[in-house]
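Subject: Structure handover

Hi,

Here is the structure I promised to pass along. Please have a look at it first, and then read on for my notes.

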Amino acid sequence: FPVTIRLSKQKPMKSIALAVVLLLSAASSLSGQHREGDFNLNLGIGLFPTFGSGNAVLPPVGASGEYGISDDLSVGGYLAISTYKENFSGGTFRYSYIIAGPRASYHLGNLLGTPRAFDPYAGVFLGYRIGSTQWDGPGTIPTSSSVSGTGWSLHLGTRYQLNDRWRLFGELGYGVSILQAGISWSL
């Protein structure tokens, strides 16, 4: 339902507080918490990249899918990519990073008693990272290093229910970025 809220010039804090209360009241009627059998696809863009230096060619982008095996536990996978370029000695280095692997999340909504529109979760990721370097310039590559190998990380995040299918999410962790924000689609 559309709501128009006018902010009073004399009492903006009261108007903002009222807007927040109305938003939370409307959101609490939605069922955003995770349930057994739910499948969520997440697509996010990263802030505070964990790999690379120089200028981003492709900012950190991550995708994950998770299936609810119970009301509190989901399992799935994570895939992310990031590309940077850096000028060096008359040429350009191009760095590409890919991270992929399985992940699991424990959904905290029932434990914490959060409003139903929120789906807080914490989990673990175990995967493989691939780092590659391309040199575009005169002569041979001045130096090269590899960042490929296995790795794991922890993540902490929440989803906020917009409607029956769409959610916003934010997640702290160690993928291609320390913080990811994006959209989630519930199937």
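A good place to begin is F48, which lies in strand β1, residues 39-49. Please keep in mind that this is a predicted model. The phi of F48 is near 60°, a positive value in a residue that is not glycine. Most residues other than glycine have a negative phi. With a relative accessibility of 56%, F48 counts as exposed, because the cut-off for that is over 50%.

Next, the strand pairing. Strand β2 (residues 55-68) and strand β3 (residues 73-88) run antiparallel and are joined by 11 bridges. Within this pairing, Y67 has V75 in β3 as its bridge partner. The connection from β2 to β3 is a hairpin through four residues.

On to the next pairing: β3 also runs antiparallel to strand β4 (residues 91-107), with 16 bridges joining them. One of the partners here is R103 in β4, which bridges to G76. The hairpin of β3 and β4 has two residues between the strands, and S89 in this hairpin takes a positive phi near 50°.

Finally, the aromatic rings, which may be up your street. There are six aromatic pairs in the structure. One of them is the stacked pair of F93 and Y95, at 5.7 Å centre to centre with 20° between the planes. Both F93 and Y95 are buried. Ring pairs also link these two residues with F88 and W135 into a cluster.

Happy browsing, and best wishes!

Methods: Residues are numbered from 1 along each chain as its sequence is written. This is a predicted model: local features need pLDDT of at least 70, side-chain atom pairs count only at pLDDT 80 or more; totals for chains, interfaces and linings use all residues. Side-chain values use heavy atoms; hydrogens and water are left out. Buried means under 20% relative accessible area, exposed over 50%, partly exposed in between (1.4 Å probe, protein chains only). Two strands pair if DSSP finds at least two bridges between them. Rings of Phe, Tyr and Trp (its six-membered ring) pair if their centres lie within 6.5 Å; planes under 30 degrees apart count as stacked, over 60 as edge-to-face and the rest as tilted.
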